[in-house]
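Trainee: I have a new model open and would like to talk it through with you. Shall we take it step by step?

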Amino acid sequence: LPILGAKKEPQAFGFHIFQKPSKLGNFQTRNLEKMANTGLDPFGAFATSSFHALPNVSERVFTTGIAAFYSPISSLVKEPQRLGYETVPKLALCVISANSR
């Protein structure tokens, strides 16, 4: 499972997702981190991180929490094969955010 994080103060404008690599580095070295979706990891040895915008940002709104769950991709998209993946994933990570409004 990925690690999700969001700041709670007003004007926090997004949440962060960190995904551990699928395997350890060679020769007991530490894994490197890259931005998600760069296509630079053919061996699965890089951790990935990405940042996603929250829908409601202002001085008077603050994030009160986030929750994540997996859902079948077929329940979210009518034709998942049209998303452009070589192999269509079976599950999608869904994130719900709550705020003070």
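Mentor: Happy to! Keep in mind that this is a predicted model. Let's begin with strands β1 and β2: residues 3-6 make up β1 and residues 14-19 make up β2.

Trainee: In which sense do β1 and β2 pair, and over how many bridges?

Mentor: One facing pair is alanine 6 opposite phenylalanine 15 in β2. The two strands run in the antiparallel sense, and the number of bridges is four.

Trainee: Which residue in β4 stands opposite phenylalanine 15?

Mentor: Strand β2 is also joined to β4, residues 46-53, by six bridges, and these strands run antiparallel. Phenylalanine 15 faces a residue of β4 there, and that residue is histidine 52.

Trainee: What pattern does the protein chain follow when read along the sequence?

Mentor: There are zero helices and six strands in the protein chain. Read in order, the pattern is therefore β-β-β-β-β-β.

Trainee: Is serine 71 buried or exposed?

Mentor: Serine 71 belongs to strand β5, which spans residues 63-72. Its relative accessibility is 11%, and the cut-off for buried is under 20%. So serine 71 counts as buried.

Trainee: Which side chain does the side chain of serine 71 make a polar contact with?

Mentor: Leaving aside neighbours within four places in sequence, serine 71 is in contact with Leu76, Lys90, Leu91, Ala92 and Cys94. The polar contact between side chains has a distance of 3.0 Å, and the partner is serine 75.

Trainee: Tyrosine 70 lies in β5 as well. What is its relative accessible area?

Mentor: Tyrosine 70 helps make a nonpolar surface patch of about 430 Å², together with Leu1, Leu91 and Leu93. Tyrosine 70 is classed as partly exposed because its relative accessible area is 40%.

Trainee: How far apart in space are lysine 20 and alanine 47, C-alpha to C-alpha?

Mentor: Lysine 20 sits in the loop between β2 and β3, and it is exposed, with a relative accessible area of 55%. In sequence, 27 residues separate lysine 20 from alanine 47. In space, their C-alpha atoms are apart by 4.8 Å.

Trainee: What share of the contacts with a separation of 6 or more comes from residues 24 or more positions apart?

Mentor: For the chain overall, 21% of the 101 residues count as buried. The accessible surface is about 8000 Å², with 56% of it belonging to carbon and sulfur atoms. As for those contacts, the share you asked about is 58%.

Definitions and conventions: Residues are numbered from 1 along each chain as its sequence is written. This is a predicted model: local features need pLDDT of at least 70, side-chain atom pairs count only at pLDDT 80 or more; totals for chains, interfaces and linings use all residues. Side-chain values use heavy atoms; hydrogens and water are left out. Buried means under 20% relative accessible area, exposed over 50%, partly exposed in between (1.4 Å probe, protein chains only). A polar contact is a pair of N or O atoms within 3.5 Å; within protein, one must be able to donate a hydrogen and the other to accept it, and residues adjacent in sequence count only if both atoms are side-chain atoms. Contact means heavy atoms within 4.5 Å. Two strands pair if DSSP finds at least two bridges between them. Patches are made of residues with over 30% relative accessible area and no salt bridge: like charges are joined within 9 Å, nonpolar side chains (Val, Leu, Ile, Met, Phe, Trp, Tyr) within 5 Å. Accessible areas come from the Shrake-Rupley method with a 1.4 Å probe; for residues, only the protein chains shown count as cover. A salt bridge is a side-chain nitrogen of Lys or Arg within 4 Å of a carboxyl oxygen of Asp or Glu.
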